[in-house]
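Let's take a walk through this structure together, from one helix and its surroundings out to the whole chain. Have the 3D view ready to rotate as you read.

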Amino acid sequence: MSVQHIQDDRLVAFFDIDNTLYSASFQIAQAMAIRIHAYIVSLGHSDEEASRIRTDYYTQYGLALRGLRRDYGVDPIDFDEKCDGSLPLEEMLEPDHRRQLLEDIDRSRCRVWALTNAYRTHAQRVLEILNLRDQIEGVVFCDYQEEDFLCKPEPAFYSRAMQQAGVNDFRKCLFVDDSHGNVVGAKRFGWTRSVHFREDGHGTDEAFTADHMVGKQEPPDEDEIPVINDLQQLREVWPDIFVQAADEALPNECARH
């Protein structure tokens, strides 16, 4: 999934995975937070120290793991196995209406990729459980095996996503994520069609939840960044990429001639 693709003129819709392609009501982020906290405690810290370290690392590095690797020499693969890998996702997750949303995207107009701050194994596992693997052309993930791996909202990570997806026009990139910081970062990078997914009743406390959420950023301009509370609202925000929108446009085009 990390190979560079041939340039393609279609749009590319990048979907975040955790708390976006499944509901935050499954509480995966909370379960992850407990495991990350326990991991830091296992390094010899008290509960109070572990909470402070995790929050500080989110703010400073974007991911707790990056700080743990730099300051403690933590093995990222070991961290992944004991945190992400230990989650009983098969018991916690189940497919929902989001598959239909992806199926309704007109693939002659738009390709679909996933863009996650998780490692490859977690991303693939989640997509498999949600029965979405066949709907996603490729996954851009945090490569924990790199010494200084990239993550959202770093511009270089969005640049890598474009390279891997084979797109060089910023205007062709669509992006949706449940994190304010990630969406703001993408917008500043040049992805002007970025959308913030803020699910009703499940706001994300970014400094508390999962290692895949970035630290707190300055609030985005809500007048410039669309905010949705149901992923189905992408049909309204991005009407040009859905099959129904394309089909319904035909009679209107004919009426003008």
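Begin at helix α3, residues 64-72, where Ala64, Leu65, Arg66, Gly67, Leu68 and Arg69 are buried. Keep in mind as you look that this is a predicted model. The buried set takes in two arginines, Arg66 and Arg69, alongside residues such as Leu65 and Leu68. What lies over these residues? The cover on the buried part of α3 includes α1, α2 and α4, the last of these spanning 76-82. Just past the end of α3, glycine 73 adopts a positive phi of about 65°.

Two of those covering helices, α1 and α2, are worth a visit of their own. Helix α1 runs over residues 28-41 and helix α2 over residues 47-61; their axes come within 9 Å and cross at roughly 115°. Because angles from 65 to 115 degrees count as roughly perpendicular, α1 is described as roughly perpendicular to α2. The crossing of α1 past α2 is right-handed.

Which residues make the contact? From α1 come Ala33, Ile36, His37, Ile40 and Val41, and α2 answers with Asp47, Ala50, Ser51, Ile53, Arg54 and Tyr58. Sorted by class, this contact has seven nonpolar, two polar and two charged residues. If you follow the positions along each helix, a general point about helices helps: an α-helix has 3.6 residues a turn, so residues three or four places apart point the same way. With that in mind, look again at Ala33, Ile36, His37 and Ile40 on α1, and at Ala50, Ser51, Ile53 and Arg54 on α2, which are among the residues in this contact.

Now turn to the cysteines. How many disulfides does the structure hold? The count is zero. Cysteine 110 is in no disulfide, and the nearest cysteine sulfur to it belongs to cysteine 173, 9.9 Å away. Seen from the other side, the sulfur of cysteine 173 has its closest cysteine sulfur in cysteine 110, and that 9.9 Å is too far for a bond, since a disulfide needs the two sulfur atoms within 2.5 Å. Are these cysteines buried or exposed? Cysteine 110 counts as buried because its relative accessibility is 0%, and cysteine 173 is buried too, with a relative accessible area of 0%.

Finally, step back to the whole protein. It has eleven helices and six strands. Of its 257 residues, 51% are buried. Among contacts between residues at least 6 apart in sequence, 77% join residues at least 24 apart.

Note on methods. Residues are numbered from 1 along each chain as its sequence is written. This is a predicted model: local features need pLDDT of at least 70, side-chain atom pairs count only at pLDDT 80 or more; totals for chains, interfaces and linings use all residues. Side-chain values use heavy atoms; hydrogens and water are left out. Axes are lines fitted to C-alpha atoms, for helices over the stretch in contact, and angles run from 0 to 180 degrees between N-to-C directions. Helices (H or I, at least four residues) and strands (E, at least two) are DSSP runs, numbered from the N terminus. Angles under 35 degrees count as roughly parallel, over 145 as roughly antiparallel, 65 to 115 as roughly perpendicular and the rest as oblique. A crossing is left-handed if the near helix is turned anticlockwise from the far one by less than a right angle, and right-handed if clockwise. Contact means heavy atoms within 4.5 Å. Ala, Val, Leu, Ile, Met, Phe, Trp, Tyr, Cys and Pro count as nonpolar, Asp, Glu, Lys and Arg as charged, and the others, Gly among them, as polar. Buried means under 20% relative accessible area, exposed over 50%, partly exposed in between (1.4 Å probe, protein chains only).
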